[in-house]
Structure formats: C-alpha cells, structure tokens
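Q: I would like a close look at one part of this protein, namely its salt bridges and the surroundings of the residues that make them. Please take the pairs in turn and then move on to the neighbouring core and pocket.

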Amino acid sequence: MEVANKIPITFTEGALKELVRLKEAGSADKPYLRVGVKGGGCSGLTYVLEYDEKTEKDTMYTLDNGIEVIMEQAHEMYLVNVEVNFEGGLSSRGFTFSNPNASDTCGCGTSFSV
C-alpha cells in the first residue's frame with residue numbers, strides 16, 4: 001500500500017467535523033475512511049464514502065484532523081479536485097460531492113459521468 005502526502009480531494013470544514021463526529025460516536029466500525037467510485041446510478045458512476053479496511057490497491061492519506069483516508073489509485077482520476085461537503089439542514093442532510101471532472105450528473109447529485 002502506497003502512502004501519499006497530499007490527498008487529491010478536499011473536505012470542507014463541515015465535512016471534517018461530521019467525519020470526526022461519526023468516528024467519536026462509534027459509527028465507524030472500520031479504521032479507515034474510504035473515498036472512491038463504483039459503477040451505478042443514473043449517470044454511470046456513484047461516489048463511495050464509507051469506513052473500511054485497507055487493501056493492497058489502496059493509497060493512504062492522513063487528513064489534517066488525523067482521519068486516515070484510503071483510496072484505490074485507479075479512482076484518483078475520477079476524484080481529483082473533488083470537494084466533499086456535509087450539509088446538516090432540515091431539507092438537505094448528508095455528504096455532497098462537487099466534481100469539476102464530471103461531464104454529467106444526475107438530479108440527486110449522487111452519480112456522475114466523465
């Protein structure tokens with residue numbers, strides 16, 4: 001597993017606070033935050049953001065707040081310069097992704113194509 005210095009995506013302050021809250025609340029039953037993509041959704045690819053175990057394919061990053069992030073190297077081309085935010089409002093709650101690489105996104109914002 002490769003260890004990198006700088007993660008190719010950005011987490012907003014709101015996202016970082018929520019990730020810490022989830023970890024401290026015991027909601028994260030696995031040690032690393034996985035960021036990636038998988039096939040599916042109405043636009044072709046969906047985002048992955050979950051706590052997971054690391055594999056041989058993963059590159060590991062450490063965020064400024066100490067959270068260790070893993071990402072398959074093959075996913076980096078889809079995620080470079082992506083911004084992850086957390087919205088905590090009444091009408092919209094959850095993690096959102098702003099992806100400048102996406103050529104098309106679905107209406108709900110959870111899937112994209114390049």
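A: What follows goes through the salt bridges, then the nonpolar core, the largest pocket and one polar loop residue.

The model is a predicted one, and a search of the whole structure finds 4 salt bridges. Side chains of opposite charge can pair when their charged atoms come close.

Two of the pairs belong to helix H1. In one of them, Lys-17 is bridged to Glu-13, with 3.2 Å between the closest N and O atoms. These two residues are separated by about one helical turn, because they stand 4 residues apart in helix H1, which covers residues 13-24. Both ends of this pair are open to the surroundings, since Lys-17 is exposed and Glu-13 is exposed as well.

In the other helical pair, Arg-21 forms a salt bridge with Glu-18, and here the closest N and O atoms are 2.7 Å apart. Arg-21 and Glu-18 also lie about one turn of the helix from each other, at a spacing of 3 residues within H1. The two partners fall into separate accessibility classes: Arg-21 has 41% relative accessibility and therefore counts as partly exposed, whereas Glu-18, at 10%, counts as buried.

The next pair joins two strands. Arg-34 forms a salt bridge with Asp-52, the closest N and O atoms being 2.7 Å apart. Because Arg-34 lies in strand S3 (residues 32-39) and Asp-52 in strand S4 (residues 45-52), the pair ties together parts that are 18 residues apart in sequence. Arg-34 and Asp-52 are both buried; for Asp-52 the relative accessible area is 19%, which places this residue under the 20% limit for the buried class. The side chains of Asp-52 and Arg-34 are likewise joined by a polar contact of 2.7 Å. Arg-34 and Asp-52 do not stand alone, for a network of salt bridges links them with Asp-58.

Around Asp-52, and leaving aside neighbours within four places in sequence, the residues in contact are Lys-30, Pro-31, Tyr-32, Arg-34 and Ile-70.

The strands of this pair also take part in the nonpolar interior. The largest nonpolar core has 21 residues, and those with the most contacts inside it are Ile-9, Phe-11, Leu-33, Val-69 and Leu-79. At least two residues of this core come from each of H1, S3, S4, strand S6 (68-72) and strand S7 (83-88), and the largest share, 3 residues, is supplied by S3. Ile-9 touches Val-35, Leu-79, Val-82 and Val-84, not counting residues up to four places away in sequence.

Ile-9 leads on to the largest pocket, which holds about 260 Å³ of space. Of the 14 residues lining this pocket, the closest to its centre are Lys-6, Ile-7, Ile-9, Leu-63 and Asp-64. Strand S2 (10-11) and strand S5 (58-62) are the elements that give two or more residues to the lining.

A last polar site involves no salt bridge partner named above, but is a useful companion to the pairs. Asn-99 is found in the loop between strand S8 (93-98) and strand S9 (104-105), and at 11% relative accessibility Asn-99 counts as buried. The side chain of Asn-99 makes a polar contact of 3.2 Å with the side chain of Tyr-47, while a polar atom of the Asn-99 side chain lies 3.2 Å from the backbone oxygen of Tyr-78.

Methods
Residues are numbered from 1 along each chain as its sequence is written. This is a predicted model: local features need pLDDT of at least 70, side-chain atom pairs count only at pLDDT 80 or more; totals for chains, interfaces and linings use all residues. Side-chain values use heavy atoms; hydrogens and water are left out. A salt bridge is a side-chain nitrogen of Lys or Arg within 4 Å of a carboxyl oxygen of Asp or Glu. Buried means under 20% relative accessible area, exposed over 50%, partly exposed in between (1.4 Å probe, protein chains only). A nonpolar core is a set of buried Ala, Val, Leu, Ile, Met, Phe, Trp, Tyr and Cys residues joined through side-chain atoms within 4.5 Å. Contact means heavy atoms within 4.5 Å. A polar contact is a pair of N or O atoms within 3.5 Å; within protein, one must be able to donate a hydrogen and the other to accept it, and residues adjacent in sequence count only if both atoms are side-chain atoms. On a 1 Å grid over the protein atoms alone, a cavity is a set of points where a 1.4 Å probe fits but cannot get out, and a pocket is an open set with protein on both sides within 12 Å along at least five of seven lines; lining residues have an atom within 4 Å of a point. Grid points are joined across faces, edges and corners, and a volume is the space filled by probe spheres set on the points.
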